[in-house]
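Good morning, and thank you for the time on today's agenda. I should like to take you through one protein structure, beginning with its overall layout and ending with a few individual residues.

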Amino acid sequence: MHHSNLLVLRGDPHRAPMARYRSDLRRLRASDPAVRAMTDFLREPPLTAAEDCDLDTALDDMFRLGVRAFLVVRDLTVVGLITAEDIRQARRSAATRIVEVMTAAADMPAIDWQTLQESTIHDLMEIFEGARVDHLVVLESETARHASVRGVVHRSRVERRLHLSADPL
């Protein structure tokens, strides 16, 4: 999906994050609507990190919260995505900042909110496989040059919730 120039974060990043999202508790089947796999920032707080945060602190926070990725923000504007794998692979010093390693907003793997609503869990897994990505940012277009980040879908959470179900892909 092509990204607009400005990505505004939906939801309230100042609410205290939970160690595990409630959506992790529901089972999934391949035929279920894809929106069931999304962490919706209108319901649950987005997990974010400031672009000037150092990598060691970001990785410590990921482990503490039990997550593998943060949206990177400047004010309420999403400027990128940082994953635990990005940090592990980076050559870093104590002074290395997220902004030096993150995937820029324009390059984040994303799916449009409308497309997600029309998709199934099976469709999502095909997207993850085909694009070889572990996270999809859900974008909701507001104008031609402006979109908001509505949520995120994590491959590992989808896979974990699928395995709780007897219905294979």
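How many helices and how many strands are there in the protein? The protein has five helices and nine strands. Please keep in mind throughout that this is a predicted model. Read from the N terminus, the elements follow the order β-β-β-α-β-β-α-β-β-α-α-β-β-α. The protein has 169 residues, and 49% of them count as buried. Its accessible surface is about 8900 Å², with 48% of that belonging to carbon and sulfur atoms. Let me add one figure on contacts: among those between residues at least 6 apart in sequence, 70% join residues at least 24 apart.

Before the details, a word on confidence. The mean pLDDT of the protein is 83, and 81% of the residues reach 70 or more. Which elements have the lowest and the highest mean pLDDT? The lowest value, 50, belongs to strand 1, residues 6-9, and the highest, 96, to helix 3, residues 113-117. There are also two stretches to treat with caution. Over residues 1-6, pLDDT stays under 50, and the model has 20 contacts beyond four places in sequence for them. Over residues 14-21, pLDDT likewise stays under 50, with 16 such contacts in the model. Where pLDDT is low, the predicted coordinates should not be read in detail.

I turn now to the interior. The largest nonpolar core contains 18 residues, and Met62, Phe70, Ile82, Ile87 and Ile98 have the most contacts inside it. Which elements give two or more residues to this core? They are helix 1 (55-65), strand 4 (69-74), strand 5 (77-83) and helix 2 (84-89). Helix 1 gives the most, with five residues.

Ile82 is a useful residue to select on the screen. Apart from neighbours within four places in sequence, Ile82 is in contact with Met62, Arg68, Ala69, Phe70, Val72, Ile87, Ile98, Val101 and Met102. A second core, separate from the one just described, has 17 residues, including Ala37, Met38, Phe128 and Val153.

Let us follow Ala37 from that second core. Ala37 is placed in the loop between strand 1 and strand 2. Is Ala37 buried or exposed? Ala37 counts as buried, because its relative accessibility is 6%, and the cut-off for buried is under 20%. Leaving out neighbours within four places in sequence, the contacts of Ala37 are Leu28, Ile121, Leu124, Val152, Val153, Val158 and Arg161. Ala37 and Glu159 are 122 residues apart along the chain, and their C-alpha atoms are separated by 9.9 Å.

Next, the empty spaces. A search of the whole structure finds one cavity of 30 Å³ or more. The largest cavity has a volume of about 110 Å³. Of the 13 residues that line this cavity, Leu47, Ala69, Leu71, Val152 and His154 lie nearest its centre. Strand 4 and strand 9 (146-154) each supply at least two residues of the lining, and strand 4 has the largest share, three residues.

The largest pocket has a volume of about 350 Å³. Which residues lie closest to the centre of this pocket? Of its 16 lining residues, the closest are Arg68, Thr83, Glu85, Asp134 and His135. Strand 5, helix 2 and helix 5 (155-163) each give two or more residues to the pocket lining. Helix 2 gives the most, with five residues.

Finally, I should like to consider two arginines in loops. Arg43 is found between strand 2 (39-40) and strand 3 (48-50). Arg43 is exposed, because its relative accessible area is 59%, and exposed requires over 50%. The C-alpha atoms of Arg43 and Gly151 are separated by 9.5 Å, although these residues are 108 places apart along the chain.

Arg132 lies in the loop between helix 4 (121-131) and strand 8 (135-143). Arg132 too is exposed, with a relative accessible area of 78%. Please note its backbone as well: phi of Arg132 is near 55 degrees, a positive value in a residue other than glycine.

To close, I would ask you to remember the two separate cores, of 18 residues and 17 residues. Thank you for your attention.

Notes:
Residues numbered from 1 in each chain as written. Predicted model: local features only at pLDDT ≥ 70, side-chain atom pairs only at ≥ 80, totals over all residues. Heavy atoms only, no water. Core = buried A, V, L, I, M, F, W, Y, C linked by side-chain atoms within 4.5 Å. Buried < 20%, exposed > 50% of the residue type's maximum accessible area, 1.4 Å probe, protein only. Helix = DSSP H or I, 4+ residues; strand = E, 2+ residues; numbered from the N terminus. Contact = heavy atoms within 4.5 Å. pLDDT = per-residue confidence, 0-100. Areas by Shrake-Rupley, 256 points an atom, 1.4 Å probe, with all protein chains shown as cover. 1 Å grid on protein atoms, 1.4 Å probe; cavity = no way out; pocket = protein on both sides within 12 Å on 5 of 7 lines; lining within 4 Å. Points joined across faces, edges and corners; volume = space filled by probe spheres on them.
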